[in-house]
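Good morning, everyone. Please look at the model on the screen, and I will walk you through a few parts.

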Amino acid sequence: MELPGSNAAEWQDAFKLLGIDEHASESQIRTAYRKRSLQFHPDKVRDIPPDAAAERFHRLTLAYEALLDPSSRARLLETLENEKARRKRQFAFDDRRKSMAADLERREELDRVQRVKSEQKRREKERRILALREEGRTMRVERHERLLEQWQQSSRTSQSLASTASTLSADGLPPWGPSDTSVLIRFPSEQACSMWGTDIPPHNLVQTPLGEALTLSYGPLSSVHIKSSQKKRREVSVIASFEHGVHAWRAVTEGSDLRCSHNLLQDCWIGWWDPSTGKAATHPPARVQAWIQGGVSARDAPVETRTPHDAADEFDYDYEASTLARLRQVASTMPLHAR
């Protein structure tokens, strides 16, 4: 039989010490005591020291006396019931704690798996974005090359077609109007710094990268100014005036379809400007309409004042090609994340 130790809470379990249950009768208690006293008497015990045997026999006697006393037995029963209730609560608490710990571990594992999946998705998204950027850069370069080739072919043949188109410049054609050289240009506001070359628009916009690109692509400019607006827009509107209406017509022909051959102008929309309304004109100038009805294109229309841009035999056709070559060389040396 397992005996209690020296702790008071242990030796108070008198029923366990006597080897009986809680519902034992008085006669059963006396019988159990006689058996235990013969078994645990210090004079008959040889397996433990005499002091320990005497202590054990003393506790046995105390347990016997406590169980024979109704009030002491009631207190002992109450103590046992309280201990059982305490252990039950402890077991329930331990079960809840283990359940909460298991639930926490499960949640942490799910969170870890979710973080791994999110990281994988993020990396896959970055990889797709880089691939799309590379593909888009390649497509833009190829598109610029095609447009450059078309423009060069059209420019080289403009001299031969100008003689045919000059027949439409005789009397009878509508004259150029005062605003037929002005166009409305719109581009995203985030490109403003690239267009001006600085954070703040300079006083002379003709000398900006925008003005130089328009001059190189279509013809000399007489003025460029920003169109004021009371609304906050995501785009910038600019009024550009060329020295000749044919130059404006060429800009509108390409810009209205968003197919400007110059790299800086690729996102620009260009249309005729109506100064009376301050908005884009719905129809081209009368002289341009007459030319269109006669089958003359913007590249074939004659320019009364000869400029370096219109002189096909003097124009450097390799400039755009060399510019694109430099752009491709710079792009190839840039890291993917910077493209």
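What should the 19 residues of helix H4 span, at 1.5 Å a residue? The expected value is 27 Å, and the end C-alpha atoms of H4, residues 50–68, are 27 Å apart, which agrees. That expected span is 1.5 Å times one less than the number of residues. Helices here are DSSP runs of H or I with at least four residues, strands are E runs of at least two, and both are numbered from the N terminus.

Some ground rules. This is a predicted model, where local features need pLDDT of at least 70, side-chain atom pairs count only at pLDDT 80 or more, and totals for chains, interfaces and linings use all residues. Residues are numbered from 1 along each chain as its sequence is written, and side-chain values use heavy atoms, with hydrogens and water left out.

Stay with H4. Its buried residues include Phe-57, Leu-60, Ala-63, Tyr-64 and Leu-67. Buried means under 20% relative accessible area, exposed means over 50%, and partly exposed is in between, with a 1.4 Å probe and protein chains only.

Now the sheet. It is open, has five strands, and runs in the order S2-S3-S1-S4-S5 with antiparallel pairing. Two strands pair if DSSP finds at least two bridges between them. S2 and S5 are the edge strands, each pairing on one side only. S1 and S4 pair over four bridges, antiparallel. There, Val-183 has Trp-272 in S4 as its bridge partner, and Leu-184 stands opposite Gly-271. S4 and S5 pair over two bridges. One of the partners is Lys-279 in S5, across from Asp-274. These two strands form a hairpin with four residues between them. In its turn, Gly-278 has a positive phi of about 75°.

Next, the cores. A nonpolar core is a set of buried Ala, Val, Leu, Ile, Met, Phe, Trp, Tyr and Cys residues joined through side-chain atoms within 4.5 Å. How many residues does the largest one have? It has 36. Val-183, Ile-185, Phe-187, Trp-196, Leu-214 and Ile-270 have the most contacts inside it. Among the elements giving two or more residues are S1, S4, H8 and H9. H8 gives the largest share, five residues. Apart from this core lies another, of 18 residues, among them Tyr-33, Ala-63, Tyr-64 and Leu-67.

Take Ile-270. Leaving aside neighbours within four places in sequence, its contacts (heavy atoms within 4.5 Å) include Val-183, Leu-214, Val-252 and Cys-260.

On to the rings. Rings of Phe, Tyr and Trp (its six-membered ring) pair if their centres lie within 6.5 Å; planes under 30 degrees apart are stacked, over 60 edge-to-face, and the rest tilted. The count is four aromatic pairs. One of them is Trp-249 with Trp-291, stacked, at 5.9 Å centre to centre and 5° between the planes. This pair links distant parts of the chain, from H8 to H9, 42 residues apart. Trp-249 is buried at 6%, and Trp-291 is buried at 0%. Ring pairs also bring in Trp-176, making a cluster with those two.

Last, the cysteines. How many disulfides does the structure hold? Zero, counting a disulfide as a pair of cysteine sulfur atoms within 2.5 Å. Why does Cys-268 have no bond? Its sulfur is 6.3 Å from the closest cysteine sulfur, in Cys-260, so that is too far. Cys-268 is buried, at 0%. Cys-193 is partly exposed, at 40%.
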